[in-house]
Amino acid sequence: MQDSAVERARNAGKRLFHFHGGLRLHHHKQASCQVAVQSVAIPPRLYIPLMQHAGPEATPLVGTGAHVLKGEPVARFNEPSIGYVHAPTSGTIAAIARQAITHPSGLEGLCVVLKPDGLDRWTRLQPMEHWQSADPELIRQRLCESGIVGLGGAVFPTSRKVEEARNFGIHTLILNGAECEPYISCDEMLMREQPDKVVLGALILQKAVAAEQVIIAIEDQMEEVFSALQAAISNADCTHMRLVKVRTIYPEGGEKQLIQVLTGLEIPAGCRPPELGLLCQNVATAAAVAEAVTEGKPLVQRIVTVTGNGVKRPHNLLALIGTPISTLVDACGGYTHDAARLVLGGPLMGYALASDQNPVIKAANCILVLSNRDIQSDQAEMPCIRCGECARVCPALLLPQTLNWQIRNDLLDDASDSGLGECIECGCCDYVCPSHIPLAEWFRFGKSEHQLLAMERSQSNLARDRYLAREARLEQLKQDRERRLGEKKQALRDRTSVTGGTMGQGPA
Amino acid sequence: MNRKFTTGAAPHLPPISTVGEVMRQVLYALCPGVIAYTWFFGTGILLQILLATGFALLFETLMLKLRQQPVALFLNDWSAVVTAVLFALCLPPLAPWWIACVGMFFAIVMAKHLYGGLGHNVFNPAMVGYAVVLISFPQAMTQWLPPISIAPTDIGFLDGLWAILSGQPPAGMTWDAITRATPLDTIRTSVASGQTIAEARQLQTFGDLGGRGWEWIANGFAAGGIWLMWRRVISWQVPTAMIGSVIVLGLAGYLLDPGSNPSPLEHVFSGAIVLGAFFIATDPVSGCTSPRGRLIFGAGVGILTLMIRRWGAYPDGVAFAVLVMNMAAPLIDRYTRPRIYGG
Amino acid sequence: MSLAIFSIGLLGTVCGLGLGWAAKSLRAETDPIVDRIDRLLPQTQCGKCNFKGCRPYAEAIAAGQAEINQCPPGGEAGIRALADLLGREPLPLNPANGLEKPAAVAVIDELVCIGCTLCIEACPVDAILGATKQMHTVIAAECTGCELCLPPCPVDCIVMEIPEAIDRRRRPRPALAAGAS
């Protein structure tokens with residue numbers, strides 16, 4: 001990475017820049033911001049999926065019938081620096097079974113079913129009292145053990161991110177408080193109600209990655225958040241922390257876009273923010289980090305926005321991981337009569353769920369229930385008229401209509417050359433398309449197909465190499481054998497000529 | 001409670017616009033120009049618009065049925081109507097009815113549906129239709145009327161209707177008596193006969209900037225076009241580049257030889273430059289899509305139009321310029337792909 | 001007359017030289033056709049095409065000694081790709097060579113395996129680990145699903161399994177609209 005780029009990145013937030021495209025959307029946040037965050041009662045059953053993020057499922061550590069305390073590990077991941085899955089409350093393991101999990105594929109996955117005992121008793125907690133003077137590696141291990149993941153929606157394991165950041169050397173930690181999508185207000189409520197925890201988490205993360213400065217980026221319309229965080233920062237008496245207000249333009253909360261706004265830099269293709277000395281973390285992740293380090297509590301709950309025209313009383317709720325979504329909706333007064341679509345996440349990038357029996361997962365920042373008039377699914381798709389609106393709003397500067405054409409015709413390599421990999425699936429192009437082409441869906445499809453294609457190719461290359469190596473080896477063996485046979489025959493002939501005797505054929 | 005929900009792909013938001021809405025806005029934007037046209041040249045043009053629209057819808061319906069496409073869905077996109085109106089605006093107001101029929105046949109059947117229908121046509125359908133009738137029926141396509149204010153006889157609505165339906169001049173009149181060369185034609189013939197443009201401009205058919213009446217029609221189209229730009233229905237690049245290139249090139253020619261080259265404003269305000277810049281060259285389907293590509297496309301249309309006006313066989317060249325640039329559009333798009341984020 | 005002959009002749013010479021130059025210096029570098037065919041084959045090395053492996057089949061196609069429809073693992077998509085490359089009409093898969101199946105990997109039932117090493121010898125890509133009288137196992141990531149290890153096994157302890165991880169990543173193709181092509 002060029003030094004000049006790193007130098008520019010160091011000045012992050014001193015001046016604000018623009019990113020290409022984007023949309024000004026109605027943010028629909030007021031409805032769920034009226035009242036304070038409320039806890040949801042513990043449901044009769046919790047379903048804790050063992051697949052929490054990309055990668056394989058965790059391996060259960062407990063058997064059916066075992067009694068666990070709140071915060072006790074119930075499963076562990078086999079990959080390094082990804083920790084455990086914890087029991088969200090105390091109770092007995094009712095089953096470990098396959099069932100529908102909250103995942104875009106809609107497929108089933110292994111879940112630990114927990115029957116709460118209602119006591120909600122914590123396991124023995126081990127706060128790190130002197131984290132200020134602790135070894136950063138210990139902090140990272142704590143994040144790993146506590147199952148902290150990015151709570152902005154990507155659920156990338158935080159300890160991995162911290163590890164990667166430490167390898168590159170970070171100068172600026174960016175806390176992302178700019179909520180990407182309309183309707184979602186869980187981060188805003190968190191920053192309003194627990195600004196001290198967010199700031200504390202920021203300081204711990206700063207310590208863990210040895211960053212020189214911290215920037216907390218929030219949207220310019222979050223007035224209350226601004227004053228709350230301002231107060232928290234001055235309380236904590238930290239000089240290297242700044243609060244920056246950015247414009248409310250979708251998808252400004254996206255990692256690449258936020259970095260572009262703060263630094264004017266684009267992350268070069270194939271690179272990641274740490275290579276510029278930047279690390280982005282969501283504010284809710286920071287709060288979870290604070291709890292994990294100063295209180296010793298693993299990540300077993302999160303704030304979920306339950307909103308949309310399909311619920312009676314939109315709310316922000318503090319829910320245990322594994323709580324069925326129906327329990328959350330009931331806590332918000334239930335569905336309205338025209339509830340039509342259940343979305344996990346925001347309206348632009350969230351995925352629709354077929355059933356409300358799916359559990360809350362760590363990625364669940366928002367449960368959005370939309371009514372029929374919000375979605376208007378009867379709009380017919382028309383042919384592309386090449387109006388170019390999609391390209392105008394694309395934050396990755398792609399030509400979505402070209403990509404669409406390439407993917408439809410299975411020209412996946414061409415699509416990849418046209419930048420399919422840079423698509424952040426924000427859905428802007430899809431939203432503005434007058435022909436109602438499901439562009440974002442085609443791009444998600446194209447990306448997955450291209451990934452599988454690349455995998456197949458590397459596998460077939462491997463198979464070819466191994467086949468050719470084997471053929472060469474067999475050929476070599478054959479030649480060796482023939483040579484040895486020849487030598488033996490020769491030796492035999494030599495001996496016969498000398499002694500005149502006969503000898504049996506060797507076993508060759 | 002265990003409810004089932006409809007699923008669908010994100011984004012879960014109602015779309016903000018439809019193809020039909022885009023096309024309807026184009027039609028609204030054409031209104032000021034059409035009103036000015038009617039004001040200066042009579043109601044003939046309205047009849048042409050009606051005729052062309054009728055034929056366009058007829059051919060569109062037939063072709064959709066033949067191609068087994070949903071008729072209601074595609075008639076609702078209004079694209080055939082836009083094609084028809086743009087085509088009609090290029091016709092002499094009293095052109096016989098079968099001109100609209102032949103033109104719309106080539107526009108809708110040949111240029112649009114045989115290429116795959118909406119979104120798949122390589123050439124601008126309206127301009128294909130216009131080019132076919134212009135080349136095939138030069139006689140009928142040059143019977144232009146003078147503005148009403150300087151016309152020797154008053155041609156009423158019914159006279160116009162009769163002329164269009166019968167192909168004959170209105171009762172008691174001859175074509176020679178009622179038609180007049182267009183300003184661009186006048187310039188062309190007078191320059192060819194050795195007159196200077198200043199001398200030619202003494203004629204009544206000329207106004208302050210372009211042709212009398214024509215300049216106001218151009219203003220009307222420009223007003224509608226700017227509204228479309230403001231509504232973001234059309235991009236700013238094509239009109240700006242096209243009119244800009246006409247002005248730059250026109251100015252160069254004018255400064256070199258004002259006797260045989262009209263002034264740049266004269267160029268802009270006569271013929272179909274403004275209509276072409278805002279409504280024809282901006283057709284997204286047959287034009288370029290990348291921003292830089294659109295600049296090149298617009299400039300190309302402007303330059304080619306002036307070259308045809310100066311050296312070609314026709315007084316105006318917007319249609320041919322657009323068709324030539326349509327051919328070049330895929331190539332231009334290929335070489336003006338925007339830089340990808342992070343690349 | 002002679003002028004015409006001369007000028008046409010000159011034109012022909014100039015064009016010929018130009019084309020000759022272009023053919024030499026503007027030639028697009030392409031791999032030999034056998035390599036390009038081989039790249040389109042799935043590298044299963046199963047021999048269902050009646051050749052010893054993918055490479056020999058590619059050589060046979062290039063030499064015109066084999067049809068393009070003899071590769072069941074490649075399936076219809078593979079035949080289409082070959083047809084595109086060679087400028088031929090796609091043919092339906094020849095059922096004599098086998099049927100198209102979802103990709104699978106071999107799994108050895110390790111309790112039943114007697115350690116005879118017959119499957120190790122049969123595996124064309126060396127994806128089976130084991131030794132005489134020792135339990136064998138298939139390296140799943142390197143198994144091509146060729147099924148060549150099935151027949152030699154004296155105790156029939158090898159089964160083909162379809163890995164499920166793929167399904168989760170594969171997204172359904174969006175539905176095509178009525179008017180869209």
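**Questions on a predicted model**

Me: Is C:Gln45 buried or exposed?
Reply: Happy to start there, with the reminder that this is a predicted model. The relative accessible area of C:Gln45 comes to 0%. The cut-off for buried is under 20%, so at that value C:Gln45 counts as buried.

Me: What phi does C:Gln45 have, although it is not a glycine?
Reply: Let's place the residue: C:Gln45 sits in the loop that joins helix H2 (33–40) to helix H3 (54–62) of chain C. Most residues other than glycine have a negative phi. C:Gln45 is not a glycine, yet its phi is positive, at about 60°.

Me: C:Asp156 has a positive phi too; does it count as buried or exposed?
Reply: C:Asp156 lies in the loop between strand E3 (137–138) and strand E4 (158–161) of chain C, and its phi is about 50°. Exposed means over 50% relative accessible area. C:Asp156 has 62% relative accessibility, so it counts as exposed.

Me: How far apart are the end C-alpha atoms of helix H9 of chain A, and what span should its residues give?
Reply: Helix H9 of chain A runs over residues 283–295, which is 13 residues. At 1.5 Å a residue, the expected span agrees with the separation of the end C-alpha atoms, because both are 18 Å.

Me: How many of the residues of H9(A) are buried?
Reply: A good one to check in the structure: the buried residues of H9(A) include A:Val283, A:Ala288, A:Glu291 and A:Val293. H9(A) is mostly covered, and of its 13 residues the number buried is eleven.

Me: Which residue has a side-chain oxygen that reaches to the backbone nitrogen of A:Ala284?
Reply: Look at the start of H9(A), where a side-chain oxygen comes to within 2.6 Å of that nitrogen. Just after the other end of the helix, A:Gly296 takes a positive phi of about 75°. The residue that supplies the oxygen at the start is A:Asn282.

Me: Which bond into A:Pro251 is cis?
Reply: A:Pro251 lies in the loop between strand E11 (241–246) and helix H8 (255–263) of chain A. Most peptide bonds are trans. Here omega is near -5°, and the cis bond is the one from A:Tyr250 to A:Pro251.

Me: What volume of space lies in the largest cavity?
Reply: The structure holds ten cavities of 30 Å³ or more. The largest has a lining of 15 residues, with A:Tyr250 among those nearest its centre, along with A:Glu179, A:Cys180, A:Thr248 and A:Ile249. By class, that lining has six nonpolar, four polar and five charged residues. The space in this cavity is about 120 Å³.

Me: What is the distance between the C-alpha atoms of A:Cys111 and A:Ala97?
Reply: A:Cys111 belongs to strand E8 (residues 108–116) of chain A. With a relative accessible area of 0%, A:Cys111 is buried. A:Cys111 and A:Ala97 are 14 residues apart along the chain, and their C-alpha atoms are separated by 5.5 Å.

Me: How far apart do the C-alpha centres of domain 2 and domain 3 of chain A lie?
Reply: The domain assignment puts domain 2 at 303–375 and domain 3 at 384–483 of chain A. Their C-alpha centres have a separation of 33 Å.

Technical notes:
Residues are numbered from 1 along each chain as its sequence is written. Chains are lettered from A and ligands numbered from 1 in the order in which they are written. This is a predicted model: local features need pLDDT of at least 70, side-chain atom pairs count only at pLDDT 80 or more; totals for chains, interfaces and linings use all residues. Side-chain values use heavy atoms; hydrogens and water are left out. Helices (H or I, at least four residues) and strands (E, at least two) are DSSP runs, numbered from the N terminus. The expected span of a helix is 1.5 Å times one less than its number of residues. Buried means under 20% relative accessible area, exposed over 50%, partly exposed in between (1.4 Å probe, protein chains only). A polar contact is a pair of N or O atoms within 3.5 Å; within protein, one must be able to donate a hydrogen and the other to accept it, and residues adjacent in sequence count only if both atoms are side-chain atoms. On a 1 Å grid over the protein atoms alone, a cavity is a set of points where a 1.4 Å probe fits but cannot get out, and a pocket is an open set with protein on both sides within 12 Å along at least five of seven lines; lining residues have an atom within 4 Å of a point. Grid points are joined across faces, edges and corners, and a volume is the space filled by probe spheres set on the points. Ala, Val, Leu, Ile, Met, Phe, Trp, Tyr, Cys and Pro count as nonpolar, Asp, Glu, Lys and Arg as charged, and the others, Gly among them, as polar. Domain bounds come from an automatic or database domain assignment.
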